[in-house]
Each structure stands twice: as C-alpha cells, then as structure tokens.
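This report describes one protein model for a reader who has not met it before. The sequence and structure come first, and the description follows.

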Amino acid sequence: MSHRILFALGMTVFLVTASLSAHHSFSAVYQTKEEVKLEGKLVQISIRNPHSFIHVEAPDSEGKMQRWSLEWGGAAQLAGQGVNQQTLKVGDQVVITGRPSRTPGEYRVLVQTISRTSDGFSWGRGRGEVVD
C-alpha cells in the first residue's frame with residue numbers, strides 16, 4: 001500500500017514539474033532591453049493558446065528579406081483586447097516593434113506593438129495591451 005502512495009506522489013510531482021517548465025521566461029528567450037522595428041507583409045497568422053504567432057516578411061538589419069516569427073499573446077488574452085483570427089489578414093502591411101531573440105541569426109521577435117498601415121489599426125499602445 002505504501003508503494004502505491006509513493007508512486008502516486010512521485011507521479012504528481014513529475015507532472016506538476018513538467019507543466020511548470022513548459023512555460024518559458026520571455027527574458028530567457030528575448031533581449032528585453034533591445035527593440036527592433038519591422039515593416040513588412042503579414043504571411044501567416046496563428047491565434048492560439050498559450051501564445052499566438054504571426055509571421056511577417058520584412059528586411060533584416062542588412063536589408064535582406066527574411067521571414068520573421070513573432071510571438072504574441074494567447075488567444076484568450078487577445079480576445080479580451082478585441083483581437084481575433086479575423087483582425088489581421090494575410091497580405092496586410094504592418095509595422096511591428098518588439099524584443100529580438102537572444103539567439104544570433106534567429107528571426108524571432110516578442111511583439112510589443114502592431115499597426116496596420118491601411119486603416120490605422122494598432123495594438124500595444126492601449127491600456128492592458130501587453131504580452132504576458
């Protein structure tokens with residue numbers, strides 16, 4: 001009987017630890033004291049939990065076109081801020097500011113602000129519009 005209890009306790013600790021380590025710290029992945037500005041075309045949108053991703057074709061610091069992966073808030077968080085799967089469309093011209101990846105040569109950014117040039121839509125400047 002005590003072996004079953006120890007096994008159950010061990011499995012509980014394992015499962016809790018595994019789920020806690022699945023969520024990463026943004027400061028471990030992104031340079032939180034640096035900012036990049038991207039101007040380009042939206043090529044893919046994935047609004048989901050725990051984090052959404054959008055992909056943009058935009059030039060790097062040397063002017064070469066790259067496909068950037070941009071990490072954004074989760075679907076539930078964004079929905080509470082008025083953003084859903086139809087808010088942005090593939091082909092939209094966007095301007096994005098964010099925190100660049102810590103990994104050199106990786107075209108990955110944590111979104112700080114997004115604006116669409118065609119109609120003035122913006123996210124990240126209003127109260128509560130942050131990624132957490």
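In this predicted model, the count of aromatic pairs comes to three, where two rings pair if their centres lie within 6.5 Å. One of them is formed by Phe26 and Tyr30, a tilted pair with 6.3 Å from centre to centre and 45° between the planes. Phe26 and Tyr30 are both buried. Another pair is that of Trp68 and Tyr107, which is edge-to-face because the planes stand at 80°, and planes over 60 degrees apart are classed that way. The ring centres of Trp68 and Tyr107 are 5.0 Å apart.

Two of the pairs are set out here.

| Pair | Centre to centre | Angle between planes | Class |
|---|---|---|---|
| Phe26 and Tyr30 | 6.3 Å | 45° | tilted |
| Trp68 and Tyr107 | 5.0 Å | 80° | edge-to-face |

The pair of Trp68 and Tyr107 links distant parts of the chain, with their positions 39 residues apart in the numbering. Trp68 belongs to strand β3 (residues 65–72), while Tyr107 lies in the loop between β4 (93–100) and β5 (108–116). Trp68 has a relative accessibility of 8% and so counts as buried, the limit being under 20%. Tyr107, at 27%, counts as partly exposed.

Trp68 and Tyr107 also appear in the lining of the largest pocket. This pocket has a volume of about 270 Å³. It is lined by 18 residues, and those closest to its centre are Val36, Ser61, Trp68, Glu106 and Tyr107. By type, the lining of the largest pocket divides into seven nonpolar, five polar and six charged residues. Strand β1 gives the most to this lining, with three residues.

The loop between β1 (36–46) and β2 (52–59) holds Pro50. Asn49 and Pro50 are joined by a cis peptide bond, with omega at about 5°. Most peptide bonds are trans.

As a whole, the protein has three helices and six strands. Along the sequence they follow the pattern α-α-β-β-β-α-β-β-β. The protein has 132 residues, of which 36% are buried. Of the contacts between residues at least 6 apart in sequence, 54% join residues at least 24 apart.

Confidence varies along the chain. The mean pLDDT of the protein is 86, and 82% of the residues reach 70 or more. Over residues 13–22, pLDDT stays under 50, and the model has zero contacts for them beyond four places in sequence.

Key: Residues are numbered from 1 along each chain as its sequence is written. This is a predicted model: local features need pLDDT of at least 70, side-chain atom pairs count only at pLDDT 80 or more; totals for chains, interfaces and linings use all residues. Side-chain values use heavy atoms; hydrogens and water are left out. Rings of Phe, Tyr and Trp (its six-membered ring) pair if their centres lie within 6.5 Å; planes under 30 degrees apart count as stacked, over 60 as edge-to-face and the rest as tilted. Buried means under 20% relative accessible area, exposed over 50%, partly exposed in between (1.4 Å probe, protein chains only). Helices (H or I, at least four residues) and strands (E, at least two) are DSSP runs, numbered from the N terminus. pLDDT is the predictor's confidence in each residue, from 0 to 100. Contact means heavy atoms within 4.5 Å. On a 1 Å grid over the protein atoms alone, a cavity is a set of points where a 1.4 Å probe fits but cannot get out, and a pocket is an open set with protein on both sides within 12 Å along at least five of seven lines; lining residues have an atom within 4 Å of a point. Grid points are joined across faces, edges and corners, and a volume is the space filled by probe spheres set on the points. Ala, Val, Leu, Ile, Met, Phe, Trp, Tyr, Cys and Pro count as nonpolar, Asp, Glu, Lys and Arg as charged, and the others, Gly among them, as polar.
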